[in-house]
Amino acid sequence: MSTGTPAPYKPKNHIRIVTAASLFDGHDAAINIMRRIIQSTGVEVIHLGHDRSVQEIVNCAIQEDVQAIAITSYQGGHLEFFKYMYDLLEERGASNIKIFGGGGGTILPNELRELHEYGICRIYTPDDGRSMGLQGMINDLVAQSDRPTGKMLTNSLNGTIESLQNKDQQTIARIISASENFPDESAEMLQQVKDLVKSSPRHRCWA
Amino acid sequence: MLGVTGTGGSGKSSLVDELVRRFLVDFEDKTVAIISVDPSRRKSGGALLGDRIRMNAINHPRVYMRSLATRQSNLALSKYVKDAVDVVKAAQFDLVILETSGIGQSDTEIIEHSDVSLYVMTPDYGAATQLEKIDMLDFADIIALNKFDKRGSIDALRDVKKQYQRNHHQWNHDDQESPVFGTIASQFNDPGINRLYKCVINTISDKTNSEIHSSFQITDEMSEKVFIIPPNRTRYLSDIAENNRQYDRWAQTQQQTAQTLYGIRKTIDSLRTLNSHSEVLPPLEAHYESIKKELDPKNYELIENWPEKVQSYKSETFLFKVRNTEIKVKNYTESLSHTRVPKISLPKYEGWGDLLRWNLQENVPGSFPFTSGVYPFKREGEDPTRMFAGEGGPERTNQRFHYVSRDMPAKRLSTAFDSVTLYGADPHQRPDIYGKIGNSGVSICCLDDAKKLYSGFNLSHSKTSVSMTINGPAAIITGFFMNAAIDQQCELYIREQGLVSEVEDKITNLYQGQEALRPRYQGDLPKGHDGLGLLLLGVTGDQVLEQDVYNDIKSKTLKAVRGTVQADILKEDQAQNTCIFSTEFSLRLMGDVQEYFIDQGVRNFYSVSISGYHIAEAGANPITQLAFTLANGFTYVEYFLSRGMDINKFAPNLSFFFSNGIDAEYAVIGRVARRVWAKAMKLKYQADDRSQMLKYHIQTSGRSLHAQEIDFNDIRTTLQALYAIYDNCNSLHTNAYDEAITTPTEESVRRAMAIQLIINKELGLANNENPLQGSFIIEELTDLVETAVLLEFDRITERGGVLGAMETMYQRGKIQEESLYYETLKHTGELPIMGVNTFLSAKGSPTMVPGEVIRATKEEKVYQIEMLERLHQHYGEDAEKYLSNLKQSAIQNTNIFHSLMEASKYCSLGQITQTMFAVGGQYRRNM
């Protein structure tokens, strides 16, 4: 048992995290508890609920430009599930998105090691729950996800215009993050976006 | 750009999802971006961005979605929301949807910047004058009155239309023309949403002069709720509660009357012996006669016949009839000390009141209200022991079935499916699917899999019964099962008629040039496997036999098969989450299966196993488990009745499944269930005897097993099994002690089985079949739990019945609350659990970690995928044809199971589910 509940971690950046339960897995009690604590730790949580495929989760994570994905898996097949998620993020150029997970006793110690070695950020175990407490686990998860998003794009849109117009999801997502998190630094770039809208026959510019 | 605003809880996300789904179908190349804004919590800075959970259509290459939190501004529209909109505009999406929960001023601002604005509201805004306060009715182009199935929606639609016209100064307009639509976004292919969609697209097209021209076909229909339970029946649970309470009140007054009569009778009798006071005898007799009029003649008869009833249990054998066959049963067993232990022990009451109460509320097993059991005696040679299996491919599970049922006269096979199958999908190389093939259940995706799975067991034999734990795709798996059973009988016919080599030739012909595609049983047949069910792998009986011969065999088989398919979709939504289709469509499928069973005379296969097990496992206490489960059961009854089915034709096909924990209430769970059901069936629904009999399978609670000191778990299971057997369960599964940490091994399963066998065969008292009757505490507990269950029925009624309560997630909430209560007491130690929080070993009773667990092998997984590919290759065109028939029957509202019986011969599980998604709608997740 943990000795006292630690205080919630205070994020330095705006953090966004996707939460879900794995594919063909209806066990949503644990992820619901976790996501509530993540929310109350000051994180914006995009919750997908149960039975979500890797592709759905990765698409969502990229479109939403999150720092991390937190998944529970109680239905087996976790090795394949987490590794595939890691691979798909890498393939989509989004390996900066961290993966966290949990699956109670269904994930064996040797499997846990295998997943950590593969690059999964951390799989929490029932023992972690006992030693760290729920808030302690979430603090660890949130602290490891505490990095800025949208920063690298703050200078200008040069070079990304093409990929924006090709509807590259990552580009769109990062520009939105830039305007959300670094409005001053990205002012110039946002002006270019507006000019782009103004020159398009389809839409009216807003702001 | 389309701006969507509306109050929280009006169903905006579902509605947007439905619009997007139609847009993607309507336009093959157009793209859509959605920006969705939810409020931040001011205190923590965190936010729940929960729109995606409700959406099914957005996982599409032509869709981009971004969820934004309002952050510090707490306005729906801060600067960066506008920026975000501009970004997706710059990315040149064809349609941009901005969805916000209307907070203050921002609503109108959205409208100013949208090409078209849509306001979503519900009919429960209060009085019509309230509408004058809604700013959005001034500004929005289009109004959706969602949740149109709510009470008062027609009036609301009229009022909102009027208000809209007033606000827009359209005094001369016809009501019909104002863009206000009643919609039910939760309903598949809702006509109201169709009209709304068309209006949205046309308005956008008009206002922006864009090239968006919808070719979407719509009808002029209004949204109309397809009711599962007819509106005038939504109080069914309280009706039942009242019905049962009325019976209890009646029984009580009858008891008092009987007791008074008994007193008068005794007085008369003793006066007679006195030979004096004879003058009071005539008035006493008259009094007796007048009171007797208050006693139901049937009750008087019960009292009069009591000595005879007692006698029938006192003689050497008891005679009774089951479906016109006379059955003789010994009334006694003899102990080693030569004591004659009665199977049924009766009360020694003399007073008529007590006697009548006992007969009206308890009675002998096999008699109304069936408190002590539904059959007069336990079936001999058939212990209520089920044999569980499900791991890897069908061959491995088949071998396991043969292993666990060896030497058992009755083969009661329980099947666990892997999660791929449970969610109606096909095995696939994609890693997130691949990893789950054949894990914690067997992988079954086509008829040949089912044939192999049950091969070597004659599915039409009276001592074989199969239970299948599957819900979402239950109807499809039932199709596989029925066809497997039919083809077994075809095979027996072929062998009897000496047609084997002829049939072999036919099969070879059918696979001409495709020999490699023919499926085979992998590996050696296990001990006890006679090969039955494997001759027709890769084909069906109708491909090798004359049509009339086949039809005859089919019809006989359907009447003979015994078993259960879980198919309980209500508890899935409430507790377990393996829903795949919309709830309405799932219920329709259940109704179609049941209707088919009635038409074909399927009497021994239960179309649904109404399950409390998962409700209890999710954390519900025993009373909630029982109340929710019975409530779900009555919901199916009401639904089937509303479809015009005869209660006496379907009620005997319903069965129940409970969890048996260690709490006191579990000692009487069967007694209460049987009594509540019987009273309702007999008196509320006027159903016959067979329909009044609630049969249930029970499993010891998995939740009561702990990962510490796992040896203690068998002790818990033993006590729970004893509860169940004394309570006259119809079948029982005992969990293995290591199930809390791993997949049970042969050793642990054997021990679990021994628990049941020891109680049934060794424990002397278990030779008696009504050991709980006559105990004060058992009677009192039964009354207490029964009262609590009926009160819960009232609470569910207040929430609109089971389906209404599900909409507001009442059941889920209650289950979670009770789960938390248990966890808290366990954590503080107020609920003592040995080896967990009390009585710890010197080492502190650490959590056990399994060394190794049983998982499906690579060969098994790969073979399952190969089998599937071969099936698709062999039946390519046929499959298309049957899938399209299936679609048609769903659209034209004919019995889907009819088409499923055919489609399941040629198509895989995944093919069928995908087809049904398109015509029945996918399940929409809840938070």
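What follows is a short dialogue on the cavities in this predicted model.

Tutor: Residues are numbered from 1 along each chain as its sequence is written, and chains are lettered from A in the order in which they are written. In this predicted model totals for linings use all residues, and side-chain values use heavy atoms, without hydrogens and water.

Student: What makes a space in this structure a cavity?

Tutor: On a 1 Å grid over the protein atoms alone, a cavity is a set of points where a 1.4 Å probe fits but cannot get out. The whole structure has eight of 30 Å³ or more.

Student: How do you know how much space lies in the largest cavity?

Tutor: A volume is the space filled by probe spheres set on the grid points, which are joined across faces, edges and corners. For the largest cavity that space is about 110 Å³, and for the second largest about 60 Å³.

Student: Why is B:M590 called a lining residue of the largest cavity?

Tutor: Lining residues have an atom within 4 Å of a point. B:M590 is one of 13 residues that line the largest cavity, so B:M590 has such an atom.

Student: What makes helix 20 of chain B a helix, and how many lining residues does it give?

Tutor: A helix is a DSSP run of H or I with at least four residues, numbered from the N terminus. Helix 20 (583-600) gives the most to this lining, four residues.

Student: Why are B:D448 and B:R870 of the second largest cavity called charged?

Tutor: Asp, Glu, Lys and Arg count as charged; Ala, Val, Leu, Ile, Met, Phe, Trp, Tyr, Cys and Pro as nonpolar; the others, Gly among them, as polar. B:D448 is an Asp and B:R870 an Arg, so both are charged. That lining has six nonpolar, two polar and two charged residues.

Terms used:
Predicted model: local features only at pLDDT ≥ 70, side-chain atom pairs only at ≥ 80, totals over all residues. 1 Å grid on protein atoms, 1.4 Å probe; cavity = no way out; pocket = protein on both sides within 12 Å on 5 of 7 lines; lining within 4 Å. Helix = DSSP H or I, 4+ residues; strand = E, 2+ residues; numbered from the N terminus.
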